[in-house]
Amino acid sequence: MTSYQATLPGASGRWATLNGAHHRAALNAFLVIVLAHWAEHLVQAYQIWGLGWSRPEARGVLGMPFPWLVSSEWLHYGYAIVMLVGLWMLRPGFVGRSRSWWTAALAIQFWHHIEHLLLLLQAQTGRHLFDSPVPTSLLQVVIPRVELHLFYNTVVFVPMVIAMYLHLRPSPAEAELMSCSCRQPEVAAQPS
C-alpha cells in the first residue's frame, strides 16, 4: 500500500494511483487544460486592446466560430468546476511547501467558482444582481468582466505554477514524503 492510499480512506485502484503513479501525467493533462483556457483569455484581451475590437466582438479563438460559447454561463461554470475538481483531486500528491501553494490556488478557485455560480444562477432565473441588465458577479461591480477574469485566472495560476515548481524541486525532507511519480529517482554517486 502506498502512503497516499494509507492517507485516503477507501482509496484503491485508479483513484489511489492518480496521486501516485499517474500524478505527473495528471498534472501535465491538467496544465494543458489550464493553458488552453489561458490562451482563450489572452486572445480575447489581444482582440480588445491590441486590435481595438469592441468587447462583444472579442470572443477569443473558439468564440469566433461558436459565439454562443462566450455568452454561455454553463460553459464558464463548467470550466470553473473542472478547475476546482482538478485542484482538489491532485492536491493529495503535493507535500510541504508545494502543498501550501496548491492549497492557496484551490482556495482562490473556490471563490472564482462561487462567482461563476452566481452568474449561472442569474442567467437561469433572469434575476440579476444590482439591477444589472446582464448577469453580474460580485467583484464585477468594481472590475469589468474581461479584466476580472484575467485577474482571477492570474491569481489562481501563479500559486499553481509555484506549487508545481516546488513539487518538482522538493527539499530533501519533502522528497522523503513524496509518493508520487513526480519524485525524481536518486542519482547514484558516480565514481571519480
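A pocket, as used here, is an open set of grid points where a probe fits, with protein on both sides within 12 Å along at least five of seven lines. Keep that in mind for the first stop. The model on your screen is predicted.

**Stop 1: the largest pocket**

Select Q44, L69, V70, S71 and H76. These residues lie nearest the centre of the largest pocket. About 800 Å³ of space lies in this pocket. Its full lining runs to 28 residues.

Now colour by helix. At least two lining residues come from each of α3, α4 (68-71), α5 and α7. The largest share is that of α3, with six residues. Colour by class next: the lining has 13 nonpolar, ten polar and five charged residues.

**Stop 2: the largest cavity**

Turn to the enclosed spaces. How many cavities of 30 Å³ or more does the structure hold? There are two.

Start with the largest cavity, which holds about 50 Å³ of space. Select H37, H41, H76, Y79, H112, H116 and H149 to show its lining. Helices α3, α5 and α6 each give two or more residues to this lining. By class, six lining residues are polar, one is nonpolar and none is charged.

Leave H76 highlighted for a moment. H76 lines this cavity, and H76 is also among the residues nearest the centre of the largest pocket.

**Stop 3: the second largest cavity**

Add V34, H37, W38, Y79, M83, N153, V156 and F157 to the view. They line the second largest cavity, where about 30 Å³ of space lies. H37 and Y79 belong to this lining and also to that of the largest cavity.

Which helices supply at least two residues each here? They are α3, α5 and α7. The class count is six nonpolar, two polar and no charged residues.

**Stop 4: the nonpolar core**

M83, from the lining of the second largest cavity, leads to the next selection. Show F30, M83, L87, W102 and M160. These residues have the most contacts inside the largest nonpolar core, a set of 28 residues. Four helices give two or more residues to this core: α3 (23-50), α5 (73-90), α6 (96-125) and α7 (145-168). The largest share, seven residues, comes from α3.

Zoom in on L87. Beyond residues up to four places away in sequence, L87 touches F30, W102, A105, L106, Q109, V156 and M160. V156 also lines the second largest cavity.

**Stop 5: two annotated spans**

Select residues 74-90 and 150-168. The UniProt annotation, from an unreviewed entry, marks both as "transmembrane region". Check each span in cartoon view. Residues 74-90 are 100% helix, with end C-alpha atoms 24 Å apart. Residues 150-168 are also 100% helix, and their end C-alpha atoms lie 26 Å apart. Each span has 0% strand.

**Stop 6: W111**

Finish on helix α6, where W111 sits. Is W111 buried, exposed or partly exposed? W111 counts as partly exposed because its relative accessibility is 36%, and that class lies between the 20% and 50% cut-offs.

Show the contacts of W111. Setting aside neighbours within four places in sequence, W111 is in contact with L138, L139 and Y152. Last, draw a distance from W111 to A80. Their C-alpha atoms are separated by 9.8 Å, though the two residues are 31 apart along the chain.

Definitions and conventions
Residues numbered from 1 in each chain as written. Predicted model: local features only at pLDDT ≥ 70, side-chain atom pairs only at ≥ 80, totals over all residues. Heavy atoms only, no water. Core = buried A, V, L, I, M, F, W, Y, C linked by side-chain atoms within 4.5 Å. Buried < 20%, exposed > 50% of the residue type's maximum accessible area, 1.4 Å probe, protein only. Contact = heavy atoms within 4.5 Å. UniProt positions renumbered as here; feature names shortened; annotations may be inferred. 1 Å grid on protein atoms, 1.4 Å probe; cavity = no way out; pocket = protein on both sides within 12 Å on 5 of 7 lines; lining within 4 Å. Points joined across faces, edges and corners; volume = space filled by probe spheres on them. Nonpolar A, V, L, I, M, F, W, Y, C, P; charged D, E, K, R; others polar.
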